[in-house]
Amino acid sequence: MSLTLRPGRRVALVGPSGAGKTTVAALLVRWLDPAAGRVTLNGVDVRDLRGDELRTVVGYLGDDAYLFDSTLEANLRIGRPDATTGQLEQALAAARLLDWVRTLPAGLATPVGEHGVALSGGQRRRLALARALLADFPVLVLDEPTEHLDDVTAAELIRDLLAAAGDRAVLLITHRTDVLGDVDEVVTLTPGSREAAPIGAYAGAG
Ligand SMILES: Nc1ncnc2c1ncn2[C@@H]1O[C@H](COP(=O)(O)OP(=O)(O)OP(=O)(O)O)[C@@H](O)[C@H]1O
Ligand SMILES: [Mg+2]
């Protein structure tokens with residue numbers, strides 16, 4: 001496959017379950033290296049970059065984003081420790097969490113519980129999303145950001161998210177077809193005929 005991400009462009013990556021979408025994301029953040037072909041950032045093979053160079057440029061948000069047993073605010077600030085309250089609120093609004101946070105007696109000081117148990121699945125997801133937006137990665141890879149959300153919220157969230165992405169390059173991995181009109185390009189992955197990679201090939205992942 002060939003895929004180019006550019007500042008300000010939103011690309012959707014679609015395809016059936018097992019087609020390799022998350023694997024593409026893993027290549028972009030170098031949890032995996034390709035057996036063939038290459039991934040470049042500004043023309044430089046990512047294998048020639050230092051790990052921290054890549055990690056500050058390409059942000060990945062998957063379905064297992066880690067929440068610490070602390071407050072909403074502390075979890076957000078991991079994305080940007082010196083964020084102002086305004087920036088925190090802006091990120092929460094973009095992730096459609098701000099109205100909910102405002103109803104909480106303790107607001108941003110509300111504890112999320114161990115692994116975020118005090119939040120619903122969708123709230124956890126949106127908190128992780130707000131954190132990723134706050135971190136301001138020039139390249140943002142969102143792997144199914146709307147799982148656990150109802151249809152209406154999911155579609156609205158994706159639209160807000162794409163609008164909030166500004167001049168970032170966004171790769172949106174999604175099963176939702178109702179948002180494809182909001183992206184600049186849709187790339188479809190079809191499952192190949194190659195044999196499945198041995199589990200060992202993923203041993204260094206994560
Ligand atoms: N840890 C792993 N070890 C071995 N094979 C894996 C591993 N993770 C994924 N695969 C295989 O790689 C292929 C692509 O998986 P991938 O997770 O990229 O699919 P996907 O398109 O993201 O699917 P989904 O829409 O279900 O998330 C599948 O055949 C899958 O079984
Ligand atoms: Mg996947």
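Val117 counts as exposed, because 10 C-beta neighbours lie inside 10 Å (exposed stands for 12 or fewer other C-beta atoms within 10 Å, buried for 20 or more and partly exposed for values in between, with C-beta atoms placed from the backbone). The model is predicted, so local features need pLDDT of at least 70 and side-chain atom pairs count only at pLDDT 80 or more, while totals for chains, interfaces and linings use all residues. Residues are numbered from 1 along each chain as its sequence is written, and chains are lettered from A and ligands numbered from 1 in the order in which they are written.

Val117 lies in the loop between helix H5 (98-103) and H6 (helices are DSSP runs of H or I with at least four residues, strands are runs of E with at least two, and both are numbered from the N terminus). The C-alpha atoms of Val117 and Thr174 are separated by 25 Å, with these positions 57 residues apart along the chain. The loop between H5 and H6 is also where His115 is found. His115 has a positive phi near 55 degrees, although this residue is not a glycine, and counts as partly exposed because 13 other C-beta atoms lie within 10 Å.

Asn42 likewise has a positive phi, near 50 degrees, in a residue other than glycine. Asn42 sits in the loop between strand E2 (40-41) and strand E3 (44-45), and is exposed because 6 C-beta neighbours lie inside 10 Å.

Attention now turns to helix H1. Gly18 is placed in the loop between strand E1 (10-14) and helix H1 (21-28), and is exposed because 11 C-beta neighbours lie inside 10 Å. Gly18 and Thr190 are 172 residues apart along the chain, yet their C-alpha atoms are separated by 9.0 Å. H1 itself is largely enclosed by the rest of the structure, because six of its eight residues are buried. The buried residues are Lys21, Thr22, Val24, Ala25, Ala26 and Leu28. Their cover includes E1, strand E4 (58-61), strand E5 (139-143) and strand E6 (169-173), where contact means C-beta atoms, placed from the backbone, within 7 Å. Leaving aside residues up to four places away in sequence, Ala25 touches Tyr60, Val141, Asp143 and Ile173. Just after H1, Arg30 takes a positive phi of about 65 degrees.

Ala25 also has a place in the nonpolar interior. The largest nonpolar core has 45 residues, and those with the most contacts inside it are Ala25, Ala91, Ala95, Ala130, Leu133 and Val141 (a nonpolar core is a set of buried Ala, Val, Leu, Ile, Met, Phe, Trp, Tyr and Cys residues joined through C-beta atoms within 7 Å). Helix H6 (residues 121-135) gives this core its largest share, seven residues.

H6 also packs with helix H4 (residues 85-94): their axes come within 8 Å and cross at roughly 130 degrees. Here axes are lines fitted to C-alpha atoms, for helices over the stretch in contact, and angles run from 0 to 180 degrees between N-to-C directions. H4 and H6 are therefore oblique to each other (angles under 35 degrees count as roughly parallel, over 145 as roughly antiparallel, 65 to 115 as roughly perpendicular and the rest as oblique). In this pair, Gln87, Ala91, Leu92 and Ala94 of H4 meet Ala130, Leu133 and Leu134 of H6. The contact has six nonpolar, one polar and no charged residues, with Ala, Val, Leu, Ile, Met, Phe, Trp, Tyr, Cys and Pro counted as nonpolar, Asp, Glu, Lys and Arg as charged, and the others, Gly among them, as polar.

How values were computed: Contact = placed C-beta atoms within 7 Å.
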